Amino acid sequence: MGIKLNFDDDGWQEVEKNWSDWWEGRLDRPLVMIQTLDTTVNADPVEFNTEFMLHKPVAEYIGYYQKRLESIQYSGDAYPFWLPYLGPGIVSAFLGGPVKPSAEQLTVWFGNDRPVEYDELCLHYDENNPWWRRVLDTTAAALSTWGDKVVLGHTDMGGVMDILASFRTTQQLLYDLYECPEEVKRCCQDISMLWLRYYNEAYEIAGGTGKGVTFWAPLLCKGRGYMLQCDFSAMISPRMFETFVLEDLTNLCNSLDYAFYHLDGPGAVRHLEMLLSIKSLRGIQWVPGSGCPGHSNWLPLLKRIRDGGKLCQIYVSPRNALLIDKEIGGKGFVFYIVPEEPYTDEGLNEYFAVLADPRSFLRQLIKQD
């Protein structure tokens, strides 16, 4: 099965150079990604059921996504990428946890209704776990089918504490931090080691394109990269973060060439200074969170990230991308252009105008001829 992308071979050379220069601090402008369709954001409800995710024949599964890839127009520093998306935190399923797809909400939920006791947790590698096999099989099929035409990505593995919370429940894990802290630490260390094993085995396949790898936040890495996270951290203090998260997070950063961190919502900002202190953490993705003001209201935070020596990736409206570039400079940023929530007619019209004429917008932002 060949693939006909709206992206030619000559485009690869420029995109790869720009991404390489950006990682090394040599690019004096922001990277700007504009796509008419994002296969992980503009999902179809059909993708969120067990029959599709786990049982659809691999060739048909790849064929479904090929049609979507061929429909995308790539502009700026965007590039063709694909990853086996089975929900945010699928490592929970690799370890035997339940998988709860929701076509209505366009997502997958992980978690037990009642806490699994610590002595019943099975935190061990199972090469025959069906969800894990699905990741390996579909990634291998994508490599075989598309070769070096599409960058392959890692599935959305989830954060270490978030994975543990899916077994213990979020509420019980909060109690555990006080009642049995050593059990929490032990399990987090076990999950971290398993997480890294899953990552390394998937990387052996995904890296076979020779184009680098990516992940659910589409950063192009010529080496081992990932967007690490701990959404659970929004509910704990900096002292708790230092006690239960920082060491394992630092070890994972040290194990990757291009470690990024997903900073999600105002409740997680209290941990920023500790994140900035991790030398092997290359950058931070800032997501304001549902119901929060857009990026124009977070300029001081974005400046703190850049002044702290970290790169920054954000999903941002055209207007706010231009504002950030004007107010604090665009160097070190990746702007993934989207309509910013809450959606307004004005914002949507602005976004669709950029899709219709990306070249004009790019001239303003990156001085492209």
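**A walk from helix 15 to the core**

Start by selecting Lys367, the residue that follows helix 15 and has a positive phi, near 55°. You are looking at a predicted model, where local features need pLDDT of at least 70, side-chain atom pairs count only at pLDDT 80 or more, and totals for chains, interfaces and linings use all residues. Residues are numbered from 1 along each chain as its sequence is written, and side-chain values use heavy atoms, with hydrogens and water left out.

Now step back into helix 15, residues 358-366 (helices are DSSP runs of H or I, at least four residues; strands are runs of E, at least two; both numbered from the N terminus). Pro358, Phe361, Leu362, Leu365 and Ile366 are buried here (under 20% relative accessible area, 1.4 Å probe, protein chains only). Look down the axis: these buried residues fall within an arc of 100°, so they line one face of the helix (the arc uses directions from the helix axis to the C-beta atoms). Show their packing partners next: strand 1 (31-35), strand 2 (74-76), helix 13 (318-327), strand 12 (333-337) and helix 14 (345-356) (contact means heavy atoms within 4.5 Å).

Next, pick Trp19, which touches Leu31, Met33, Asp77, Tyr79, Pro218, Leu219, Leu220 and Val334, leaving aside residues up to four places away in sequence.

Finally, visit the open sheet of three strands, ordered 3-6-7 with parallel pairing (strands pair if DSSP finds at least two bridges between them). Strand 3 (81-82) and strand 7 (213-214) are at the edges with a single partner strand each, so one side of each has no neighbour in the sheet. Select Phe81 to find its bridge partner in strand 6, Val151.

Notes:
Buried means under 20% relative accessible area, exposed over 50%, partly exposed in between (1.4 Å probe, protein chains only).
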